[in-house]
Amino acid sequence: KTKTKLKFYNKKNHIPYDLLYQSKKQGFSDNQIAGLISSSIDEITKLSNNIRNYRKKKKIIPFTRQIDTLASEYPSKTNYLYLTYNGEHHDVSYSEKEKSIVILGSGVYRIGSSVEFDWCCVSGLDFLKKEGYRSVIINYNPETVSTDFDVCDRLYFEELSLERVLDIIELENPEGTVISMGGQIPNNLSLHLYKKKVKILGTSPINIDEVEDRFKFSKSLDKLNILQPKWKELSNIYDVYHFINLVGFPIIIRPSYVLSGAAMNIVFDKKNLYLCLKKAKTISPKYPIVITKFLENAKEIELDAVANNGKMIYHAISEHIEYAGVHSGDATLVYPPQNISLNTIKKIKNISKKIAKRFNISGPFNIQFLYKKKKIKVIECNLRASRSFPFISKVSHLNMVSLAMKVLLKKKNIDKNITNFLTIDYVGVKSSQFSFSRLEGSDPILGVDMVSTGEVGCLGSSFNEALIKSMLSVGYNIPKKNIFIYIKSLKNRIIMLDYIKLLIINNYILFSKDETYNFFIKNNIFCKNNSYKSSNIIDNLKSNKIDLIINIPYKNHKNDY
C-alpha cells in the first residue's frame with residue numbers, strides 16, 4: 001500500500017510528512033523512494049539526496065538502539081547497535097569529548113569477500129583501541145569476528161549503503177573514516193562519501209577513483225611509461241571487433257570497480273565473444289567496456305605494500321604457482337617468491353614506487369603484475385588492503401594493517417626497524433579450498449571469477465615442504481597407485497611430458513584415453529587405455545581403482561571433461 005501511495009507523487013510534489021515517515025519506518029531507503037517517484041533512472045541519485053535533505057529538515061531521522069543479548073531476562077547494556085525509525089530516543093549517548101574512528105567492514109561473507117578482509121578490519125580496530133580511540137565499525141554479518149561486539153567500542157550491525165553509513169557518521173562525528181580495510185564495498189563508497197564532505201583517512205577518494213576506473217588508470221600507466229597489456233575502452237560493437245582484429249584472441253572483457261573478477265570474462269573466440277556481449281546487453285558511451293589483450297602462459301606476481309604520502313615504506317612480493325588467468329583468490333600463493341630473479345624484484349619495486357607517487361598513496365595497496373619473456377606488465381592496482389594481507393603479515397611477522405593504520409593516523413617514525421622480506425629463511429604457501437564436490441553441476445575450471453570457499457596457509461623450510469603441507473591441509477590426498485590423465489591440447493601434452501615421466505619413475509600406474517593415450521604410447525610412456533565410456537572412469541573412481549585424475553581442458557572448454 002505504501003509503495004502504491006508513493007508512486008502517486010513525483011519529484012515536484014513533496015511527499016506528505018506522514019507518508020514519508022511511514023515509508024521510513026517500513027524500511028524504504030531514500031534511493032527506493034526516489035526510484036518510485038522518479039520518471040528517469042538518471043534522476044534517482046539527485047532525487048535521493050533531495051529526499052534525504054527534506055526528511056532531515058522534517059526531523060525524520062533514525063535512532064540508535066541496543067540489541068538485547070540477554071533475551072530480556074536482565075537489562076542489557078551492550079555496544080551491539082542498530083538504527084531504526086521506530087524509536088523516539090537513542091540508547092547510547094553521543095559525546096563530542098571522545099575521539100572516534102569509524103571503520104567500514106566487508107559486508108556479508110561470500111565468495112570474494114570473506115575472512116581475509118574481516119581480519120584486516122579487526123586488526124584495525126585493535127590498533128585504534130591501543131591508541132586510545134573509540135573504535136567503531138559498521139558491518140552486517142553475524143559470522144564475522146568484527147561483528148563480535150566485544151572487539152570494538154561500538155558495533156553498528158547495519159548495511160553498508162551510502163544512506164546508512166552517512167546516518168552513522170553524522171551521529172558519531174568521528175575524526176575520520178577508514179574505507180581501505182573492508183574490501184571492495186567500502187572502496188565503492190569512497191567518492192560518494194567524499195562528495196558528502198566525509199573525512200576519509202588515507203588516500204584521497206579522487207585518486208582511488210583514478211585507479212578504480214580502468215580507463216583513467218590505464219591512461220596514467222601510459223603516461224608513466226609503465227608496460228601493460230594492450231587495452232582499449234570501447235562504446236560500440238564495431239570498435240570492439242576492430243580492436244580484436246588488431247590484437248587477436250584471447251582477450252579479457254572487464255568493467256571498473258569490481259571485486260573477485262565479477263563480470264570479467266576471458267574470451268578465446270568469436271562464439272564466446274558474442275555470448276559475453278549479449279550478457280553485457282548495453283554498450284554505449286555511458287556504459288563502455290574495457291577490452292584487454294590476455295597473455296597466455298604468463299606468470300602472475302603480486303605486490304602488497306604500504307605507502308605514506310606517495311612514498312612506499314614497506315612492500316612484500318609474492319608469486320602465483322598457476323599461470324595468470326586464475327583469480328588471485330583461487331591461486332596458490334608463495335611468499336617469499338622462490339622463482340623470481342632479484343633483477344625482476346627490483347623492477348617491480350621501481351614500478352610500484354612510480355605508481356605510489358603518481359596517485360599519492362597513503363595507506364595499503366596491492367598491485368598485480370604479469371611476467372613473460374623478461375617483460376613486466378601491470379594488470380591492476382587496488383588502493384586498499386588485499387585478501388593476501390593476512391597471509392603476508394603472518395608469514396613475515398609484520399602486521400601490515402597496523403603499519404597502514406599508523407599512516408592513516410599520521411603517526412611519526414613509521415618506517416623505522418622494518419625488515420626486508422627477502423631475509424625470511426622459510427617459505428609460506430597458501431592453497432585454496434574448493435567446494436565443487438558439494439555443488440552439483442558446478443564448473444571446476446578456474447578462471448577470472450573467484451570460486452574458492454576457503455584457504456590454508458602453511459610454512460616449510462623449503463617450497464616443496466610448504467606446498468605439500470598446504471595441499472594436504474585443504475583436503476587433497478597423495479595418490480597411492482593409479483592416475484588417470486587426459487590432456488586435450490597437443491601443446492599441453494608436450495609441456496607435461498617430463499612431469500608424466502616423473503610419475504612413471506615413482507611407480508605410478510597411468511590410465512588415459514583417445515589422443516592422450518596415443519601420445520603417451522608414441523613417447524614410450526606406458527599407460528593403460530581407458531577409451532571405452534566416460535562412465536567407466538566414474539565407476540573406477542567410485543570403486544577406488546583410480547586415486548587421481550589429471551584433466552587439462554583446452555581453453556576452458558567445458559566439454560573436455
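Two residues are in contact when heavy atoms of theirs lie within 4.5 Å. Keep that cut-off in mind for the core described below. The structure shown above is a predicted model.

## The cores

Which residues have the most contacts inside the largest nonpolar core? They are Met-181 and Phe-365, in a core of 83 residues. Helix H14 (residues 400-408) gives this core its largest share, seven residues. The core also draws on two domains: at least three residues come from each of domain 2 (63-201) and domain 4 (299-472).

Now look at Met-181 itself. Neighbours within four places in sequence are left aside here. Met-181 then touches Phe-117, Cys-120 and Cys-121. It is also in contact with Pro-364 and Ala-385. Val-401, Ala-404, Met-405 and Leu-408 complete its list of contacts.

Another core lies apart from this one. It has 16 residues, among them Leu-6, Ile-33, Ala-34 and Tyr-54.

## Helix H4

Tyr-54 is also one of the buried residues of helix H4. The others are Ile-44, Leu-47, Ser-48, Ile-51, Arg-52 and Arg-55. What do the buried residues of H4 pack against? Their partners are helix H2 (17-25), helix H3 (30-37) and helix H6 (162-172).

An α-helix has 3.6 residues a turn, so residues three or four places apart point the same way. That is a useful rule when you view a helix from its end.

The length of H4 can be checked too. The helix has 14 residues, 44-57, and at 1.5 Å a residue it should span 20 Å. Its end C-alpha atoms are 20 Å apart, so the two values agree. Just after H4, Lys-59 takes a positive phi of about 65 degrees.

## Positive phi in loops

Two asparagines also have a positive phi. Asn-173 has a phi of about 50 degrees, although it is not a glycine. It sits in the loop between H6 and strand S6 (176-178). Is Asn-173 buried or exposed? Its relative accessible area is 54%, so Asn-173 counts as exposed.

Asn-297 is not a glycine either, and its positive phi is about 55 degrees. Its loop runs between strand S10 (289-293) and strand S11 (299-308). At 34% relative accessibility, Asn-297 is partly exposed.

## Paired strands

S11 leads into a hairpin with strand S12 (residues 311-323). The two strands pair in the antiparallel sense over nine bridges. Ala-305 stands opposite His-315 in S12. Two residues lie between the strands, and in this hairpin Asn-309 takes a positive phi near 55 degrees.

S12 also pairs with S13 in the antiparallel sense, over two bridges. Here His-320 stands opposite Leu-333 in S13. In a regular strand the side chains alternate between the two faces of the sheet.

## Cis peptide bonds

The table lists cis peptide bonds and the loops that hold their prolines.

| Cis peptide bond | Omega | Loop of the proline |
|---|---|---|
| Phe-249 to Pro-250 | near -5 degrees | between helix H10 (237-247) and strand S8 (251-254) |
| Tyr-335 to Pro-336 | about -10 degrees | between strand S13 (333-335) and helix H12 (342-358) |

Strand S13 thus appears again: it pairs with S12, and the loop with Pro-336 lies between S13 and helix H12.

Definitions and conventions: Residues are numbered from 1 along each chain as its sequence is written. This is a predicted model: local features need pLDDT of at least 70, side-chain atom pairs count only at pLDDT 80 or more; totals for chains, interfaces and linings use all residues. Side-chain values use heavy atoms; hydrogens and water are left out. Helices (H or I, at least four residues) and strands (E, at least two) are DSSP runs, numbered from the N terminus. The expected span of a helix is 1.5 Å times one less than its number of residues. Buried means under 20% relative accessible area, exposed over 50%, partly exposed in between (1.4 Å probe, protein chains only). A nonpolar core is a set of buried Ala, Val, Leu, Ile, Met, Phe, Trp, Tyr and Cys residues joined through side-chain atoms within 4.5 Å. Domain bounds come from an automatic or database domain assignment. Two strands pair if DSSP finds at least two bridges between them.
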